[in-house]
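Visitor: Please take one part of this model and go through it closely. I would like a connected account rather than a list.

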Amino acid sequence: MSNYNWCHGPECHTQHTQSRVRGSGDNKVLRTIKIKQDSEYLRESVFSHFCNQRCLMDFIRLHKDRIVALAPRREALETPIKVEKEKYESYRYDWNSDENGATRRVPYMATRTTIKSVDND
Ligand SMILES: [Zn+2]
């Protein structure tokens, strides 16, 4: 098993960086980046096959129709939740509350909305 992957970015070999230059004299080329698979973290990452964000996004743009065809979604997914609303006292700031231009904290009742997971088991 090889311990590297070639970057799968379709334009990787056209980007003008020193790290891609190979060859000598008048026979120089820009070569696709070789990605060493030298850590578990990298091997499990999407960047085991892409040298950078641009190469990843170029690949996705070029192949998006085939990528989504791997796991098509024809209807929305839903996650059951509970939405809890609670009133609490908060403050707003009145910037012109008196003739001296001093600000004043003005209390008001605010609403806090919390989305809670529902255990389906
Ligand atoms: Zn690349």
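Guide: C7 is buried, with a relative accessible area of 7%. This is a predicted model, and the values below are computed from it. Leaving aside neighbours within four places in sequence, C7 is in contact with C12, T32, I33, I35, H49, F50, C51 and C55. Three of these contacts, C12, C51 and C55, join C7 as protein donors of the zinc ion. Each donor uses its SG atom, and the distances to the zinc ion run from 2.2 to 2.3 Å. Along the chain the donors follow the spacing C-x4-C-x38-C-x3-C. The angles among the 4 donor atoms are 106 to 116°. Such a site counts as tetrahedral because all of its angles fall between 85 and 135 degrees.

The donors can also be described by their accessibility. C12 is buried, at 0% relative accessibility, and C55 is likewise buried, at 0%. C51, at 28%, counts as partly exposed, because the cut-off for buried is under 20% relative accessible area. The disulfide count is 0.

The site also overlaps with the packing of nonpolar side chains. The largest nonpolar core has 8 residues, and C7, C12 and C55 are among them. The other members are I33, I35, L42, F50 and L56. C51 is not listed in that core; a core takes buried residues, and C51 is partly exposed, so C51 does not qualify. Of the core members, C12, I33, I35, F50 and C55 are also in the contact list of C7. In soluble globular proteins, nonpolar side chains tend to be buried together.

Earlier in the chain than C7 are two aromatic residues, Y4 and W6. The structure holds 3 aromatic pairs, and one of them is formed by Y4 and W6. Their ring centres are 5.6 Å apart with 80° between the planes, an edge-to-face arrangement. Y4 is partly exposed at 27% relative accessibility, and W6 is partly exposed at 37%. Y4 also has a charged neighbour: K34 lies over the face of its ring, at 4.1 Å from the ring centre. Another charge over a ring involves R105, which lies over the face of Y91 at 3.8 Å from the ring centre.

Conventions: Residues numbered from 1 in each chain as written. Predicted model: local features only at pLDDT ≥ 70, side-chain atom pairs only at ≥ 80, totals over all residues. Heavy atoms only, no water. Phe/Tyr/Trp six-rings, centres within 6.5 Å; stacked < 30°, edge-to-face > 60°. Buried < 20%, exposed > 50% of the residue type's maximum accessible area, 1.4 Å probe, protein only. Lys NZ or Arg CZ within 6 Å of the ring centre and 35° of its normal. Donors = N, O, S within 2.8 Å, 3.2 Å for Na, K, Ca; no water. Tetrahedral: all angles 85-135°; square planar, octahedral: opposite > 155°, others 65-115°. Core = buried A, V, L, I, M, F, W, Y, C linked by side-chain atoms within 4.5 Å. Contact = heavy atoms within 4.5 Å. Disulfide = S-S within 2.5 Å.
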